[in-house]
Amino acid sequence: MAKSARGSKRRSNEAATSKASSEEEVDDVPEEKPVVIAKWDCQTVKNTLDDAFRKAAMEQLPDFKESHAEEDFKLWAAGIGCFFAGAGCIYGLFVPHPESAPIVGICVAVYFILMTVLNAHAMFFDSKLALYAVHKENPARRVSVMVKLPRFDPRVSIVLEDLGAAGSQQIIHNGSVGDYFYEDGEMSNDAIHKTVATLLAQRKKED
C-alpha cells in the first residue's frame with residue numbers, strides 16, 4: 001500500500017508539472033506516448049529500464065557519445081555467419097555432391113565457428129550494459145550504466161561507472177521496480193531522470 005501511495009503521489013506531481021508546462025507553450029506539441037508494460041515480466045522490465053536509463057543518461061551527458069562497438073561486433077559476426085551458411089546452401093544446390101563437399105564444408109565450418117564465438121561471448125563476455133559512452137574530445141574518458149535486476153526480485157540497482165586515465169569510480173543507486181513503474185505498469189520518466197541526475201551529481205562530487 002505504501003508503494004501505491006508513493007506511486008500515486010509521484011504520478012500526481014508529474015501530471016501537475018506536465019499541465020503547467022503545457023499551458024506555457026504556445027505551439028501544440030504532440031505528447032510522448034507513455035510506456036506501459038507487464039510488471040511481472042522480468043525480461044520486459046529489464047529491457048524497458050535499460051532503454052529508459054540509456055536515453056536519460058545520454059540526455060544528461062552532452063559531452064559523451066554512445067559507443068556501439070560490442071553490438072557492431074555481434075551483428076558483423078552473425079551477418080558473416082549467415083552469409084556463409086546461405087552461400088553453402090546455394091552452392092550445394094547447383095554443384096552436386098561430392099564435388100561441392102569442400103566448399104560446403106568450409107562454409108559450414110565458418111558458420112559453426114562464428115556461432116560458437118557468439119554464444120561464448122553471450123555467456124562469458126557480454127557486458128549487458130544499458131549504456132557505454134565515450135567522451136567526444138577525450139576517448140580515454142568513458143561512462144557506463146548498468147541495470148541490475150535479479151530474476152523474480154523487485155529490487156533493482158542502477159550502477160554508473162566513470163572510467164578515466166586517473167582511475168575509475170562506481171556509484172550505485174539501490175531501489176525497487178515500484179520506484180519506476182505505477183500500479184498499471186506505466187513507466188515514470190521523471191523517476192528515471194531523477195535517478196540519473198542523482199548518480200551524475202555524486203560522480204561530480206567525487207571528481
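Read from one end of the sequence to the other, the protein runs through the pattern α-α-β-α-α-β-β-β-β-α. The model is a predicted one, and its secondary structure amounts to five helices and five strands. Of the 207 residues of the protein, 29% count as buried. The contacts also tell something of how the chain is put together: among those between residues at least 6 apart in sequence, 57% join residues at least 24 apart.

A good place to begin a closer look is helix H2, which spans residues 42–59. Its 18 residues reach 26 Å from the first C-alpha to the last, close to the 26 Å expected at 1.5 Å a residue. The buried residues of H2 include the nonpolar Val45, Leu49, Ala52, Phe53, Ala56 and Ala57. Lys46, Thr48 and Asp50 of H2 are buried as well. As a guide to reading such a list, an α-helix has 3.6 residues a turn, so residues three or four places apart point the same way.

Next comes a pair of helices. Two packed helices are described by the angle between their axes and the distance between the axes. For helix H3 (residues 69–94) and helix H4 (residues 101–125), the angle is about 155° and the axes lie 8 Å apart. Because angles over 145 degrees count as roughly antiparallel, H3 is roughly antiparallel to H4. The crossing of H3 and H4 is left-handed. Sorted by type, the residues of the contact of H3 with H4 comprise 19 nonpolar, four polar and two charged.

Terms used. Residues are numbered from 1 along each chain as its sequence is written. This is a predicted model: local features need pLDDT of at least 70, side-chain atom pairs count only at pLDDT 80 or more; totals for chains, interfaces and linings use all residues. Side-chain values use heavy atoms; hydrogens and water are left out. Axes are lines fitted to C-alpha atoms, for helices over the stretch in contact, and angles run from 0 to 180 degrees between N-to-C directions. Helices (H or I, at least four residues) and strands (E, at least two) are DSSP runs, numbered from the N terminus. Angles under 35 degrees count as roughly parallel, over 145 as roughly antiparallel, 65 to 115 as roughly perpendicular and the rest as oblique. A crossing is left-handed if the near helix is turned anticlockwise from the far one by less than a right angle, and right-handed if clockwise. The expected span of a helix is 1.5 Å times one less than its number of residues. Buried means under 20% relative accessible area, exposed over 50%, partly exposed in between (1.4 Å probe, protein chains only). Contact means heavy atoms within 4.5 Å.
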